[in-house]
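Visitor: I have a structure open here and would like to talk through it. Could you take me around?

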Amino acid sequence: MPHRRATFSKFIIENMRRQGGQDADLASLLNDVMTACKLIAAAVSRNPLDTVGPGATVPNVQGEEQKPLDRIANEIMLEACEYGGQLCGMVSEEMEHPARIPDGYPRGRYLLVFDPLDGSSNIDINMTVGTIFSVLRAPVGVTEPTTADFLQPGTAQVAAGYALYGPVSMLVVTLGDGVHGFTLNRDIGAYTLTHPNMKIPPSANEFAINASNARHWEPPVRRYVEECVEGKAGPRGADFNMRWIASMVAEVHRILIRGGLFMYPRDTKDVSRPGRLRLMYEANPMAMLVEQAGGAASTGRLRILGIAPTDIHQRVPVVLGSRDEVERLVNYHAAYDRGEDTRFEAPLFNARSLFRSA
Ligand code: AFP
């Protein structure tokens, strides 16, 4: 019965009780994040009506295009989460340095790390975007955290999640005890539990990668993709489907619903960057969700959650999703690194080509 579905707030409190702890600070922090996500959902859905003219786009700290909605979403997150007394600092994709909690507000035990509007290149075309967040504990005694205080591995996350702004708005969260999805019921203005205990099937015949980078991929990734594309006639003996939405929230959500593999692997496009996606507010929270749902998340060589960060805006290669597919790609990397598999060193446009014409 839809009216009996638990609201997000009720679920969080009961979930903590079940886990044997009642952390009122964490519960109210997650409530504030939820409020921010509702406000961002409203801003995203109003966007075409509140059209902002050309010239409003500026580069952000990553050197990437920052849209007005990126800035609005960032401000919403900061304002919704800074006053409650649960946090002592925040890091956002949109800010070079950690945000201070303004004077006059109490300091709390937690740190919040977020990407306020991921996939924002999709805004103009009315496609799905999202907010990604990760909650860490502040080191004991710290009230004014420095950058170093945020540099904790993904295994230290207390909670992680994302909000998805699509045909419906959803909030998907883990507190280290499974993954649970909530849908925004606009009639009552609340997220209610619609997807308890989300589980990723261990194998799936669907993968997502930006194939325009194919010429820059490492051989293990070329091998994986080429074998999928060969379909039934190839070594996998099965036909595969491919997707690329260019919005990590939408891709991870699809994987949580029906499985598959998402890859933004290391490539040679820009050797100064080991990957495209950011560790602390993209890869880590998504890796925690995926592992909690029974999937796996790796760089191709290392478990993402085990990486010790060196920078709050650090980038990493990302391979995540159905466990068997991630393991296969990790094995391909290992074989290649041992020098056992060099077949795919030739560019894809050669004889064994992904895009060959005959
Ligand atoms: P934006 O937020 O700048 O649109 O980036 C989105 C993103 O971080 C992630 O959500 C996508 O998977 C990936 O980048 C898309 O990157 P490409 O545009 O290189 O395909």
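Guide: The following conversation moves from the whole chain to single strands, a helix and some individual residues. Please keep in mind that this is a predicted model.

Visitor: How many helices and strands are there in the protein?

Guide: The protein contains 8 helices and 16 strands.

Visitor: What radius of gyration does the protein have, and what would a compact globule have?

Guide: The radius of gyration is 21 Å, and a compact globule of 358 residues would have a value near 21 Å, so the two agree. The C-alpha trace spans about 65 × 45 × 45 Å along its principal axes.

Visitor: What share of the residues counts as buried?

Guide: Of the 358 residues, 56% count as buried. The accessible surface of the protein is about 15400 Å², and carbon and sulfur atoms account for 51% of that surface.

Visitor: And the charges: how far apart are the mean positions of the positive and negative ones?

Guide: They are 6 Å apart, taking 37 positive and 41 negative charges.

Visitor: What about contacts in the protein between residues at least 6 apart in sequence: what percentage join residues at least 24 apart?

Guide: Among those contacts, 66% join residues at least 24 apart.

Visitor: Let us turn to strands. How many residues of β6 are buried?

Guide: Strand β6 covers residues 159-165, and 7 of its 7 residues are buried. A159, G161, A163 and Y165 point one way, while A160, Y162 and L164 point the other way. In general, side chains in a regular strand alternate between the two faces of the sheet.

Visitor: Which way does β5 run relative to β6, parallel or antiparallel?

Guide: Strand β5, residues 129-137, runs antiparallel to β6, and 7 bridges join the two. Within this pairing, F133 stands opposite G161.

Visitor: And how many bridges are there between β6 and β7?

Guide: There are 6 bridges between β6 and strand β7 (residues 169-174), and the pairing is antiparallel. Y162 of β6 stands opposite V172 of β7. The two strands form a hairpin, with 3 residues between them.

Visitor: Which way do β3 and β4 run, parallel or antiparallel?

Guide: Strands β3 and β4 run parallel, joined by 5 bridges. M90 stands opposite L112 of β4 in that pair. In β3, which spans residues 87-92, 6 of 6 residues are buried.

Visitor: Changing topic, is α6 mostly covered or mostly open?

Guide: Helix α6, residues 248-258, is mostly covered, with 9 of its 11 residues buried. The buried residues are M248, V249, A250, E251, V252, H253, R254, I255 and L256.

Visitor: What follows α6?

Guide: G259 follows the helix, and its phi is positive, near 85 degrees.

Visitor: Which residue has a positive phi of about 60 degrees although it is not a glycine?

Guide: That residue is N126. N126 lies in the loop between β4 and β5. Its relative accessibility is 68%, so N126 counts as exposed, given that the cut-off for exposed is over 50%.

Visitor: And what is the phi of N197?

Guide: N197 has a positive phi of about 50 degrees, although it is not a glycine. N197 is found in the loop between β9 (190-195) and β10. N197 counts as partly exposed because its relative accessibility is 47%.

Visitor: Where is A211?

Guide: A211 is in the loop between β10 (206-208) and α5 (219-229). With a relative accessibility of 21%, A211 counts as partly exposed; buried would require under 20%. The C-alpha atoms of A211 and W244 are separated by 8.6 Å, and the two residues are 33 residues apart along the chain.

Visitor: One more: is V318 buried or exposed?

Guide: V318 is buried, with a relative accessible area of 0%. V318 belongs to strand β16, residues 318-321.

Visitor: Which residues is V318 in contact with, leaving aside its neighbours within four places in sequence?

Guide: V318 is in contact with M248, F262, M263, Y264, P265, L277, A283, S298 and I304. One of these, M248, is also among the buried residues of α6. As for D149, which is 169 residues away from V318 along the chain, the C-alpha atoms of the two are separated by 24 Å.

How values were computed:
Residues are numbered from 1 along each chain as its sequence is written. This is a predicted model: local features need pLDDT of at least 70, side-chain atom pairs count only at pLDDT 80 or more; totals for chains, interfaces and linings use all residues. Side-chain values use heavy atoms; hydrogens and water are left out. Buried means under 20% relative accessible area, exposed over 50%, partly exposed in between (1.4 Å probe, protein chains only). Helices (H or I, at least four residues) and strands (E, at least two) are DSSP runs, numbered from the N terminus. The radius of gyration is taken over C-alpha atoms; the globule rule is 2.2 Å times the number of residues to the power 0.38. Contact means heavy atoms within 4.5 Å. Accessible areas come from the Shrake-Rupley method with a 1.4 Å probe; for residues, only the protein chains shown count as cover. Lys and Arg count as positive and Asp and Glu as negative; His and the chain ends are not counted. The place of a charge is taken as NZ of Lys, CZ of Arg, CG of Asp or CD of Glu. Two strands pair if DSSP finds at least two bridges between them.
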